[in-house]
Amino acid sequence: QSLFSTIDQRLTIPGEGVYLYRNPSTGIDRLTLPYSGRSMTSKCVHLSEGRIKKELSKYEALLSHLVFPSDPSRTFKKRAFLQCRDCDKKGGPRDSKVLISACLECPTYHCLTHLLPHLRDEKHPFAMSLETGYIYCLRCGDFVYDRLLEGLRMDSLNKLRGTLGLSVVSSWNPSDEDLVRLARSRSIDGGMTVRGMVNMGNTCFMNCILQSLLHSPSLRDFFLSHHHRCNMTPPGSCLVCEMQNAFQFFYNGANRYSFVPSAMLHTVWTRSSLTGYSQHDAHEFFITAIEMLHRDSRNEDAFKSPSLPHSSRDCKCIVDQLFTGQLQSDLKCLSCGNVSTKVDPCWDISLNLPQGERELSLERCLEGYVCSEVLDSSFPCNRCRSEGLHKQLSFLKTPVICVFHLKRFEHDTHLRKKMTTRVTFSEKLDMSPYTTSYRNQPHRFDYSRGSAAHINRRSYEYTLFAVVQHEGSLDSGHYTAFVRSYNTWYLCDDERIRAVPIEKVLAAEAYILFYHSTHIKFK
């Protein structure tokens, strides 16, 4: 399920004239065709009139054999059907830009453009997408939704995901009564705005990190659900309590004032090295805050979110559930071939910026982070003690929230400077190329292999929700943050808040990037 379902996404599929929308309230994809000239806004009455609902066993057979085949032999059969018999265009995942569909009355399949004349001439009312299993109604001129058919489609999809070792996908199918209640209800975000934060003397380093954390969808859902039960002594020294107070203030629709994080600043001052009124590093504050949140909640049974995946480690606090990833390091001896593997937890990913580069992408930084290297003679092999080890990093487990720290500040005995290298990044990020699964089995992520690869890729898809930037020099700079609240981006400059276009966000001189997993694996 998409945590960012408030964003109405639109994709154009060239050559087909098909538009793919994501419903902002349910996250369910909706396809609209130029033949109808409109979106489906009412229930399709033709499904109950046709034979499809009277012959559900045939629909289930098509789903299990062609759309979501769990048997490898059926997968090869499906590939033969994913090519239009008229224009020879090949289908596959939705990203392949060709929508191959099959008639539900006869064994005819084409791309949707060439299948429509067949449906009209033969008066066959329904077709099915061989990639998604969605039903197209000729008389409605659109892909249509039915609660019963959608349930069968989801069952078939989850059966396939189970054979691949993936989590079950769940969807909410509202009843007619639910839809009536939703139409009558008032939007919960109707009066909510982004709050500013008071700068209490060079505290912009703290304000920008707090703004980023306060606009994390999973943290927001957790803290607004009152899961925290404080056992700290003395009272008032718990950073988790202060964070919960901040969430309560920010998302109280009656408040119209800037937030004063004085209690949070005092808690950090009294329990860490970040003291005094001098400017501190935003990344240093982030690590300090995460460590304190983890320490204040690690032994608390009540501090567990029932909807988020638990790791195999003893601590299941919200910090571990959201921010902890697993970085795998493989050392291979070039002489005897022995492989030594070590797995370490990580809360953030610090990326080097190469010297002399004026511009590079976030993806290139990640490639440099996981690229292989040969270690020097100070690292002998554990088995044969010979020199020369090949080191390879990869992500065994990616966290729900990926935090990327771009190492712009250089500190040594002779030089202190800020690197102004431009790092390009986008709203969407695919982390699959940097994972252990991809390195060991790259074929599982090859789009030409059909739905399974598409599902594997989507499991590692991330969406940007906050950007911390540093303006100025190393000695006299200022931190600000871009955050996304629902479908609007805002620039947070202490107490000053203003809406900005996404282009301004993507042009920022980023220092810390916050990405959230688009699809959470429920357990």
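These questions and answers walk through a predicted model of one protein chain.

Visitor: What is the mean pLDDT of the chain?
Guide: The model is predicted, and each residue carries a confidence value. In this chain, 75% of the residues reach 70 or more. The mean pLDDT is 77.

Visitor: Where in the chain is confidence lowest, and where is it highest?
Guide: The low end is strand β1 (residues 10-13), at a mean of 32. The high end has a mean of 96. That is helix α16, residues 502-506.

Visitor: Over which residues does pLDDT stay under 50, with 112 contacts beyond four places in sequence?
Guide: Where pLDDT is low, the predicted coordinates should not be read in detail. One stretch under 50 is residues 187-191, with three contacts beyond four places in sequence. The stretch with 112 such contacts is residues 1-41.

Visitor: Which strands stand at the edges of the open sheet, each with a single partner strand?
Guide: Four strands form this sheet, in the order β10-β9-β14-β13, with antiparallel pairing. The twist averages 35° from one strand to the next. An edge strand has one side left without a neighbour in the sheet, because it has a single partner. Those strands are β10 (339-346) and β13 (373-375).

Visitor: Which residue in β14 stands opposite leucine 331?
Guide: Strand β9 covers residues 325-333, and strand β14 covers residues 389-397. Eight bridges join them, and they run antiparallel. Opposite leucine 331 stands lysine 391.

Visitor: At what angle to β14 does helix α13 run?
Guide: Helix α13 takes in residues 362-370. This helix lies across β9 and β14. Its angle to β14 is about 125°.

Visitor: Within what arc do the buried residues of α2 fall?
Guide: Helix α2 covers residues 56-67, and its buried residues are Tyr59, Leu63, Leu66 and Val67. Seen down the axis, they line one face of the helix, because they fall within an arc of 110°.

Visitor: Which residues are exposed on the other side of α2?
Guide: Exposed means over 50% relative accessible area. On that other side, the exposed residues are Ser57 and Lys58.

Visitor: What kind of ring pair do phenylalanine 286 and phenylalanine 514 form?
Guide: The count of aromatic pairs comes to 14. In this pair the ring centres are 5.8 Å apart and the planes stand at 80°. Planes over 60 degrees apart count as edge-to-face. The pair is therefore edge-to-face.

Visitor: How many residues apart are phenylalanine 286 and phenylalanine 514?
Guide: Phenylalanine 286 is buried, at 0% relative accessibility, and phenylalanine 514 is buried with a relative accessible area of 0%. The first sits in helix α11 (residues 282-297), the second in strand β24 (residues 510-517). The pair links distant parts of the chain, 228 residues apart.

Visitor: What kind of ring pair do phenylalanine 409 and tyrosine 511 form?
Guide: Phenylalanine 409 is in strand β16 (residues 409-411) and tyrosine 511 is in strand β24, 102 residues apart. Their ring centres are 5.0 Å apart, with planes at 45°. That angle makes the pair tilted.

Visitor: Is histidine 454 buried or exposed?
Guide: Histidine 454 is placed in helix α15, residues 451-458. Its relative accessible area is 12%. Buried means under 20%, so histidine 454 is buried.

Visitor: How far apart in space are histidine 454 and arginine 444?
Guide: In sequence, histidine 454 and arginine 444 are ten residues apart. C-alpha to C-alpha, the distance is 8.9 Å.

Notes
Residues are numbered from 1 along each chain as its sequence is written. This is a predicted model: local features need pLDDT of at least 70, side-chain atom pairs count only at pLDDT 80 or more; totals for chains, interfaces and linings use all residues. Side-chain values use heavy atoms; hydrogens and water are left out. Two strands pair if DSSP finds at least two bridges between them. Helices (H or I, at least four residues) and strands (E, at least two) are DSSP runs, numbered from the N terminus. Axes are lines fitted to C-alpha atoms, for helices over the stretch in contact, and angles run from 0 to 180 degrees between N-to-C directions. Contact means heavy atoms within 4.5 Å. Buried means under 20% relative accessible area, exposed over 50%, partly exposed in between (1.4 Å probe, protein chains only). The arc is that of the directions from the helix axis to the C-beta atoms. Rings of Phe, Tyr and Trp (its six-membered ring) pair if their centres lie within 6.5 Å; planes under 30 degrees apart count as stacked, over 60 as edge-to-face and the rest as tilted. pLDDT is the predictor's confidence in each residue, from 0 to 100.
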